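Here's a quick briefing to go with the model you're about to open. Have a look at the fold, then use the notes below as a guide.

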Amino acid sequence: MNDIMSQAEALKEELITIRRTIHSHPETGPCLPQTTSFVIEKLKEYGYDPKEICESGIVATIEGNKTGKTFLLRADMDALPVKEATECSFKSNNGNMHACGHDMHTAMLLGAAKLLRQNQDKINGTVKLVFQPDEEGFTGAKKMIKAGVLKNPDVDAAMAMHVHSGTPSNMVLCGLGTSIAGCNRFRIVVKGTGAHGAMPELGVDPINIAAHIYLSIQAITAREVSATKPCVVTIGKFSGGDAANIIPEEVIMEGTIRSLDKETGEFVFKRMGEIVSSTAKVFRGEAELIELSSVPPLTNDNDLAKEITSYVKELLGDKSVILFEKGGMGSEDFASYSYEVPSVYMMLGAGTKQEDPLYGEAMHNPKVVFNEDILVTGAAMHVHSAISWLKNHQ
């Protein structure tokens with residue numbers, strides 16, 4: 001294991017170069033042509049035969065000398081439509097930004113790919129490396145599962161890792177059971193009738209309808225969901241009208257429902273649909289609730305979580321890992337894997353302001369900066385976890 005860490009340390013400058021290359025050219029959504037091409041070329045350079053099984057969804061496998069089970073390692077590759085505001089020499093200038101650290105994840109898994117090739121004789125079975133698009137939009141994991149990412153060979157267990165700004169560098173957080181919320185992304189389209197602001201009686205004001213909808217749906221979580229079941233509805237986009245004296249014909253609202261319970265999320269979405277349509281009708285307009293995408297709550301397999309974190313402790317020490325129950329309301333599309341195979345999802349600390357004033361900004365913040373020293377740790381964690389699990393499950 002110390003050998004794995006020393007080998008990973010030897011790759012540090014290469015990992016930083018990979019990360020900065022990806023960081024400087026961020027792409028968003030389900031189509032990541034530059035990033036996909038870069039990752040495929042790197043995998044080929046390391047001796048792999050990568051396949052693009054769906055748009056921007058890459059799979060590569062490595063087998064050891066002994067046959068055995070299959071362990072999946074996953075990294076996400078997409079960025080966010082955020083204009084970068086850091087002072088990094090390698091900052092993005094195309095209006096997008098790797099503000100969630102997916103460039104870090106991709107670099108770590110590419111590092112793991114190289115380390116696995118160097119340690120191929122220690123692999124008892126198969127390691128499947130997965131690089132997926134559109135984690136942020138919650139479509140990437142589902143598309144890859146539909147394309148057969150868990151087949152040929154069949155996956156027996158899966159692992160993913162996410163950097164976490166504000167947590168001390170190299171501190172590992174791992175939830176037991178359901179620790180990350182499910183999420184429904186939605187759009188509400190409110191239609192009215194345009195009119196001059198001086199004669200509102202001649203129109204149907206969609207802004208008025210939307211305002212009533214906005215207030216009413218907050219009552220669902222306040223009065224219709226048990227206080228013991230965490231749930232939050234957020235409207236992050238409210239758009240309508242172009243002129244101060246004109247009533248528009250349409251208002252668009254977009255937002256999210258987050259819950260740690262799949263049934264709760266489904267209930268809230270159903271009630272929202274009823275409130276949206278009936279509220280619009282009361283005020284003489286029309287409105288529709290549209291689901292844009294969704295992801296279920298993420299549930300770690302407890303036995304797998306405890307086993308994998310024991311391997312992490314072998315690498316980083318007993319005090320480097322914190323196991324916790326329940327968790328926050330963020331969402332992650334690796335959840336889709338966790339409903340198909342035993343899975344574990346961990347967070348790797350990427351630095352605090354006490355370590356460096358540049359570190360510690362919130363995830364998705366245009367000024368967030370991650371400690372690149374942890375690239376070594378992440379690559380080593382992938383490799384040691386995969387090799388150890390396969391060895392102990394022959």
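**Helix 7 and its surroundings**

The cover over the buried residues of helix 7 includes strand 7 (182–191), helix 6 (206–223), strand 9 (231–240), strand 11 (250–259) and strand 12 (286–295). Bear in mind that this is a predicted model, where local features need pLDDT of at least 70, side-chain atom pairs count only at pLDDT 80 or more, and totals for chains, interfaces and linings use all residues. Residues are numbered from 1 along each chain as its sequence is written, and side-chain values use heavy atoms, with hydrogens and water left out.

A few terms before we dig in:
- Helices (H or I, at least four residues) and strands (E, at least two) are DSSP runs, numbered from the N terminus.
- Buried means under 20% relative accessible area, exposed means over 50%, and partly exposed is in between (1.4 Å probe, protein chains only).
- A contact means heavy atoms within 4.5 Å.

**More on helix 7**
- Helix 7 covers residues 262–282, and at 1.5 Å a residue its 21 residues should span 30 Å (the rule is 1.5 Å times one less than the number of residues). Its end C-alpha atoms sit 31 Å apart, which agrees.
- Which residues of helix 7 are buried? They are Thr264, Gly265, Val268, Met272, Ile275, Val276, Thr279 and Ala280.
- Seen down the axis of helix 7, these buried residues fall within an arc of 115° (taken from the directions from the helix axis to the C-beta atoms), so they line one face of the helix.
- Flip to the other side of helix 7 and you'll find Glu263, Lys270 and Lys281 exposed.
- Asp261 caps the N-terminal end, with a side-chain oxygen 2.8 Å from the backbone nitrogen of Glu263.
- After helix 7 comes Arg284, with a positive phi near 70°.

**The whole chain**
- The protein chain has 10 helices and 15 strands.
- A compact globule of 394 residues would have a radius of gyration near 21 Å (over C-alpha atoms, using 2.2 Å times the number of residues to the power 0.38), and the protein chain has 23 Å, which agrees.
- The C-alpha trace spans about 80 × 45 × 40 Å along its principal axes.
- Of the 394 residues, 54% count as buried.
- Take the contacts between residues at least 6 apart in sequence: 81% of them join residues at least 24 apart.
- Accessible surface adds up to about 16,800 Å² (Shrake-Rupley method, 1.4 Å probe), and 50% of that belongs to carbon and sulfur atoms.

**Asp76 and its histidine partners**
- Asp76 is in strand 3 and counts as buried, at 1% relative accessibility.
- The side chain of Asp76 makes a polar contact with that of His105 at 2.6 Å. Here a polar contact is a pair of N or O atoms within 3.5 Å; within protein, one must be able to donate a hydrogen and the other to accept it, and residues adjacent in sequence count only if both atoms are side-chain atoms.
- Another polar contact, of 3.3 Å, joins the side chains of Asp76 and His102.
- Not counting residues up to four places away in sequence, Asp76 touches His102, His105, Thr106, Gln132, Glu135 and Glu332.

**Around Ser331**
- Ser331 sits in the loop between strand 14 (321–325) and helix 9 (335–338), and is buried with a relative accessible area of 19%.
- Its side chain makes a 2.8 Å polar contact with the side chain of Arg258, and a polar atom of the Ser331 side chain lies 3.0 Å from the backbone oxygen of Ala181.
- Leaving aside neighbours within four places in sequence, the contacts of Ser331 include Glu135, Phe138, Ile180 and Val295.

**Backbone oddities**
- Most residues other than glycine have a negative phi, and most peptide bonds are trans.
- Phe138 has a positive phi of about 65°, lies in the loop between strand 4 (124–132) and helix 5, and counts as buried at 6% relative accessibility.
- Asn152 also has a positive phi, near 50°, but counts as exposed at 75% relative accessibility.
- Asn152 and Pro153 are joined by a cis peptide bond, with omega about 0°. Pro153 is in the loop between helix 5 (140–146) and strand 5 (157–164).
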